[in-house]
Amino acid sequence: MFDKLVEVICNYVEVEPENVRPESRFMEDLGFTSFDFMSMLGELEETFDVEVDQQAVVNIRTVQEAVDYLETLVK
């Protein structure tokens with residue numbers, strides 16, 4: 001799950017995969033804008049065939065939090 005998320009992240013911001021860590025914050029560390037983040041969520045919905053709850057994702061700040069959330073949806 002982490003590796004696939006890193007792959008998707010790299011489609012949205014100019015960051016090397018090896019620089020994305022579980023504790024990386026989307027906005028502060030990876031340079032996401034809110035538009036980038038919402039666009040990425042749409043791609044994740046398609047990639048993992050899940051429906052993201054817009055209220056729940058407001059609290060996601062780090063890559064690991066996103067992985068944890070996605071794992072709850074995929075199960």
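This is a dialogue on reading helix sides, core, cavity, pocket and one backbone angle in a predicted model.

Visitor: Let us start with helix H1. Which of its residues are buried?

Guide: Burial here means under 20% relative accessible area. In H1, residues 2–12, the buried ones are Leu5, Val6, Val8 and Ile9. They span an arc of only 165° around the axis, so they lie on the same side of H1.

Visitor: Which exposed residues are on the face turned away from that buried side?

Guide: Asp3 and Asn11 are the exposed residues there. On the buried side, the cover includes H2 and helix H4 (63–74).

Visitor: How many residues does the largest nonpolar core have?

Guide: A nonpolar core is a set of buried residues joined through side-chain atoms within 4.5 Å. The largest one here has 24 residues, and Leu5, Ile9, Phe26, Leu30 and Met40 have the most contacts inside it. At least two residues of this core come from each of H1, H2 and H4.

Visitor: Take Met40. What is it in contact with, neighbours within four places in sequence left aside?

Guide: Met40 is in contact with Leu5, Val8, Ile9, Tyr12, Phe26 and Phe32. Of these, Leu5, Val8 and Ile9 are also among the buried residues of H1.

Visitor: Next, enclosed space. How many cavities of 30 Å³ or more are there?

Guide: A cavity is space where the probe fits but cannot get out. The count is one at 30 Å³ or more, and the largest cavity has a volume of about 60 Å³. Its lining includes Phe26, Met40, Leu44 and Tyr69. H2 and H4 are the elements that give two or more residues to this lining, and H2 has the largest share, with four. By class, the lining has 11 nonpolar residues, no polar and no charged.

Visitor: And the largest pocket: what classes of residue line it?

Guide: A pocket, by contrast with a cavity, is an open set of points. The lining of the largest pocket has seven nonpolar, two polar and three charged residues. Among them are Arg25, Glu28, Gln54 and Arg61. The pocket holds about 170 Å³ of space. Helix H2 (34–48) and helix H3 (54–57) each give two or more residues to its lining, and H2 gives the most, with three. Phe26, Phe37, Val57 and Ile60 are among the residues lining the pocket, and they also line the largest cavity.

Visitor: Last, the backbone. Where is Asp49 found?

Guide: Asp49 is in the loop between H2 and H3. Its phi is positive, about 55°, although Asp49 is not a glycine. Asp49 is exposed, with a relative accessible area of 70%.

Conventions: Residues are numbered from 1 along each chain as its sequence is written. This is a predicted model: local features need pLDDT of at least 70, side-chain atom pairs count only at pLDDT 80 or more; totals for chains, interfaces and linings use all residues. Side-chain values use heavy atoms; hydrogens and water are left out. On a 1 Å grid over the protein atoms alone, a cavity is a set of points where a 1.4 Å probe fits but cannot get out, and a pocket is an open set with protein on both sides within 12 Å along at least five of seven lines; lining residues have an atom within 4 Å of a point. Grid points are joined across faces, edges and corners, and a volume is the space filled by probe spheres set on the points. Ala, Val, Leu, Ile, Met, Phe, Trp, Tyr, Cys and Pro count as nonpolar, Asp, Glu, Lys and Arg as charged, and the others, Gly among them, as polar. Buried means under 20% relative accessible area, exposed over 50%, partly exposed in between (1.4 Å probe, protein chains only). The arc is that of the directions from the helix axis to the C-beta atoms. Contact means heavy atoms within 4.5 Å.
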